[in-house]
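Thank you for asking me to look through this model with you. The points below are meant for someone who is meeting the structure here and would like a guide to a few of its local features.

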Amino acid sequence: MDSSLRQRRRTTRIALPTAVLLLVGGTVTIQSVGTAAAAETTLRAAAANAGLFFGVAASPNRLTSLVGQEFSQLTPENDMKPDRIATSSGGLQNTGGADTLVNHAQSNNMLVRGHTLVWHSQAGALQGASQATLNTFIGNAINRWGSRIAYWDVVNEALEDNNTGRRRNQWPHTMNRDANGDGDFFDAGDTDVIRDSFIRAKQVVQAGGLTTKLCINDYDVEGLTVQGGTQNRKANALYDIVRTYRQYIDCVGFQAHFNDNPNSIITTDLQANIQRFADLGVEVHITELDIDDDLSNNDIGAGQAENYRKVVRACLNVARCTGITVWGIADSESWRSSERGLLFTGGSGNYQKKAAYHAVLDELNKGRDVSTDPTTPPGTPTTPPATPTTPPVSPTTPPTPTTGCSATVSLNSWTGGFVATVRVTAGSAPITGWNVRLTLPSGATVTNTWNANRSGTSGTVQFSNVSYNGSVNAGQTTEFGFQGTGTATGLTPVCTAS
Ligand code: XIL
């Protein structure tokens, strides 16, 4: 099971000693006996040891027992798209398929990625809707499943094809207005469907006290470069969007539909690109992975397996790359079946593992190879952050004025691991430094931290500000995060200001 080994993985690659599970008075303890560990035999268990989830996209008719055995996260392949669930006024309909998937995930301890709220494609009755109607839909969809959805793709595929670095020119992007004509939609007077949709989504999450994280998702954004070494302008444009709207965006999805299109290949700078987004403080996910057999001369054996290794390794080597999702189970059931790009052959519940499956499992079992704890400051935006046209996100109940500081924590958990986001709010006076103390339940271990210095990894752990986030104005908030293995429920942070 996932839990048997999960406590011992650190962020550096180490040889695991063999673990012996002891049941002492109902408490599971782990003893190390010093020889090489048996590798995990499922993708989800191996991923959990390394501190990430391994997921799959599926429809209700694919929910065999394999799904919960191999995968710790589920994305509805089609059942949460607007053409399935949205009415023209932003209400909900036909949520049965989505409910089935969410329930299946919950009963198998899997995270859910909601997919997707604002998208030019598969828009159904929302096609052509105003921002106000989109906002209604965003509220209804987020509230329907609440914190049962760990991650929502709020905006999908906002950027144009062919490495132009521009926004799309189809609805909903036709609502965008570049008021001062400076070539972007980031200015206070501009209209930006990305910004306005994220602001709405953040308001809904905060008003409901939800733990749901809000993501932007796209394809052909995976490498720093594209074929031939040209800069990946689409990736750069996404980076500027995330940097500018960082206060509303929690996570970035790289779809990773790799194929022989010059902009869709696997480049050697994939890891570096994941890292630069991670350095903004967002989680990065590989969200829709499939790898065309064209990229391995039609070899779906060792050649394709090698490509899968590259992608999994790039994620593992960035601490804040917290999940990988494949876009389907078997080649025959894939949206691009002719590319034979997935981890299983067979179909209809009778699946055979491909070489790519074994390669992914093996790579996950090697664990992360992360040399530094990422406390690098988030990038400084070149463009000033936009002043939202809609009112700023604020909690429904204003915090009681206090001097000093207060802290709240939100958790995203999967079997064997978690990511915690901590918000530090200054009281009625400005502060110049802060310290947050919290006690982790036994068995939980912090593996990495961002935007804070940390002392300790288990039991009582202390976090203090880094150079760039110690000064917080009265009533204002700053955020830091940490990731760990084990279970971290019931955290009560205590904040002290200096
Ligand atoms: C695809 C599904 O896999 C297909 O079944 C459907 O016919 C079309 O959409 N990017 C996305 C996904 O964000 O939603 C798409 O899924 C694949 C590309």
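At what angle do helix H1 and helix H10 pack, and how far apart are their axes? The numbered points begin with that pair, and please keep in mind throughout that this is a predicted model.

1. Helix H1, which covers residues 43–50, packs against helix H10, residues 355–366, at an angle of about 25 degrees, and the two axes are 8 Å apart. Because angles under 35 degrees count as roughly parallel, H1 is described as roughly parallel to H10. The crossing of this pair, H1 and H10, is left-handed.

2. Helix H10 also packs with helix H9, residues 302–316, and here the angle is about 30 degrees, with the axes 8 Å apart. That angle makes H9 roughly parallel to H10. The hand of the crossing deserves attention when the two pairs are read side by side, since H9 and H10 cross in a right-handed sense, whereas the crossing of H1 and H10 is left-handed.

3. A further helix pair is formed by H7, residues 233–244, and H8, residues 270–278, whose axes come within 10 Å and cross at roughly 15 degrees. With that angle, H7 is roughly parallel to H8, and the crossing of H7 and H8 is right-handed.

4. Turning to the ligand, which residues of its surroundings come nearest? There are 13 residues around the ligand, and those that come nearest are Glu77, Lys81, His115, Glu288 and Trp327. Sorted by class, the shell holds three nonpolar, six polar and four charged residues.

5. Several side chains place polar atoms beside oxygen atoms of the ligand. In the side chain of Lys81, an N or O atom is 2.7 Å from a ligand oxygen; for Glu288, a polar side-chain atom lies 2.9 Å from an oxygen atom of the ligand; and for Gln122 the corresponding distance from a polar side-chain atom to a ligand oxygen is 3.2 Å. As for cover, the ligand taken alone exposes 420 Å², of which the protein buries 78%.

6. The backbone has some places that a careful reader may wish to inspect. As general background, most peptide bonds are trans, and most residues other than glycine have a negative phi. The bond from His115 to Thr116, however, is cis, with omega near 10 degrees, and Thr116 is found in strand S5, residues 111–118. His115 is also among the residues that come nearest to the ligand.

7. Another cis peptide bond runs from Trp171 to Pro172, with omega near 5 degrees, and Pro172 has its place in the loop between strand S6 (151–156) and helix H6 (193–207).

8. Finally, where does Ala256 lie? Ala256 is in the loop between strand S8 (251–254) and strand S9 (257–258), and its phi is near 65 degrees, a positive value in a residue other than glycine.

Note on methods
Residues numbered from 1 in each chain as written. Predicted model: local features only at pLDDT ≥ 70, side-chain atom pairs only at ≥ 80, totals over all residues. Heavy atoms only, no water. Near = heavy atom within 4 Å. Polar contact = N/O pair within 3.5 Å; in protein donor to acceptor, adjacent residues only side chain to side chain. Areas by Shrake-Rupley, 256 points an atom, 1.4 Å probe, with all protein chains shown as cover. Nonpolar A, V, L, I, M, F, W, Y, C, P; charged D, E, K, R; others polar. Axes fitted to C-alpha atoms, helices over the stretch in contact; angles between N-to-C directions. Helix = DSSP H or I, 4+ residues; strand = E, 2+ residues; numbered from the N terminus. Parallel < 35°, antiparallel > 145°, perpendicular 65-115°, else oblique. Left-handed = near helix turned anticlockwise from the far one by under 90°.
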